[in-house]
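Reader: I am new to this structure and would like a close look at a single part of it. Please take one strand and describe its surroundings, then place it in the whole.

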Amino acid sequence: MYEIITRHENETKALGKLLAEKLDKGDVITLDGDLGAGKTTFTKGLAEGLGVKRTVNSPTFTIIKEYEGESFPFYHMDVYRLENSDEDIGFDEYFNSDGVTVVEWATFIEEFLPDQLLKINISKEDESSRLFEISPMTSRLEKACEEIMNDYVSNRYFQPADDNRNSKI
Ligand code: ADP
Ligand code: MG
C-alpha cells in the first residue's frame, strides 16, 4: 500500500492528473472515504488528465456519467445511493469496456467489482489535509504507484511534506 498526503484540493487534483497519465483502457479505480473526503475532487483531476473537456460533477443522482477522454471514454460512477441494495445496473459493461472507470463509494458495490483494481481510500486528516491510501492490484498499477511516489518525492507536483508520512508500507 502507498500513502500520500495532499495538503490542498489542488494537490488532490494534481494527484488525480498524475495518475491519469499512467492509466490504460479498462482500468478501474475505486474511491472510498467519507463525504467531503475528496473523491470527486480527485476524479476531476483524473478526468482532466484523461483529456475530458466537459466539467465533471458528482453523478450522485444518475449513478453513472460518461465522458469522452482524449484516448478513451471515461466513466464516473457514484454508487452512494446503492448502499443496502444488491442491484446490478450493468456494471460489467463498464468494467470490461475499453474506457477508464472511477467508482465513488465503491464499497457499496463490492460484489460487482473486478479483481484488478486500483483501490484508493481517502481520509480527512484536518480541514485541508487528506491521506490517500492506495492499493494497486496488478503489477502494472503497482509500477504506476512507484512512479507517482517518485514524482511526489522529487516534488514536481506537491508541496514538501514536513513529515515522513508519504511512504510505501
Ligand atoms: P467527496 O466526493 O469525497 O464527497 P468532494 O471532493 O466533493 O468530496 O469534496 C471535498 C471537499 O474538501 C471540497 O470542498 C474541497 O475543497 C475540500 N478540501 C480541502 N482540502 C482538500 C484536499 N487536500 N483534497 C481534496 N479536497 C479538499
Ligand atoms: Mg463525491
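Author: What follows is a description of strand E6 and its neighbours, then of the chain around them.

The model is a predicted one. Strand E6 covers residues 118-124. Which strands does E6 pair with, and in which direction does each run? One partner is strand E2, residues 28-32, which runs parallel to E6 and is joined to it by four bridges. Within this pairing, Ile29 has Leu118 of E6 as its bridge partner. Another partner is strand E7, residues 130-136, which is antiparallel to E6 and joined to it by seven bridges. Here Asn121 stands opposite Glu133 of E7. E6 and E7 form a hairpin, and five residues lie between the two strands.

A residue of E6 to look at is Ile120. Leaving aside residues up to four places away in sequence, Ile120 touches Ile29, Thr30 and Leu31, and also Phe132 and Ile134. Ile29, Thr30 and Leu31 fall within the range of E2, 28-32, while Phe132 and Ile134 fall within that of E7, 130-136.

Ile120 also belongs to the largest nonpolar core, which has 41 residues. It is among the members that touch the most others, together with Leu15, Leu19, Leu31, Leu46, Leu50, Val103. Helix H1 gives this core its largest share, five residues. In soluble globular proteins, nonpolar side chains tend to be buried together.

H1, residues 9-20, has a part elsewhere too: H1 and helix H2, residues 39-49, each supply at least two residues of the shell around ligand 1. That shell has 18 residues, the closest being Thr12, Gly38, Lys39, Thr40 and Thr41. By type, the shell divides into 10 polar, six charged and two nonpolar residues.

Now the whole chain. The protein chain has eight strands and four helices. Read from the N terminus, their order is β-α-β-α-β-β-α-β-β-β-α-β. Of the contacts with a separation of 6 or more, 67% are between residues 24 or more positions apart. Buried residues make up 39% of the 169 in the chain.

The C-alpha atoms fill a box of roughly 45 × 30 × 30 Å along the principal axes. The radius of gyration is 15 Å, which agrees with a compact globule, because a globule of 169 residues would have a value near 15 Å.

Terms used. Residues are numbered from 1 along each chain as its sequence is written. Chains are lettered from A and ligands numbered from 1 in the order in which they are written. This is a predicted model: local features need pLDDT of at least 70, side-chain atom pairs count only at pLDDT 80 or more; totals for chains, interfaces and linings use all residues. Two strands pair if DSSP finds at least two bridges between them. The radius of gyration is taken over C-alpha atoms; the globule rule is 2.2 Å times the number of residues to the power 0.38. A residue is buried if 20 or more other C-beta atoms lie within 10 Å of its own, exposed if 12 or fewer, and partly exposed in between; C-beta atoms are placed from the backbone. Two residues are in contact if their C-beta atoms, placed from the backbone, lie within 7 Å. A residue is near a molecule or strand if its C-beta atom, placed from the backbone, lies within 6 Å of it. Ala, Val, Leu, Ile, Met, Phe, Trp, Tyr, Cys and Pro count as nonpolar, Asp, Glu, Lys and Arg as charged, and the others, Gly among them, as polar. A nonpolar core is a set of buried Ala, Val, Leu, Ile, Met, Phe, Trp, Tyr and Cys residues joined through C-beta atoms within 7 Å.
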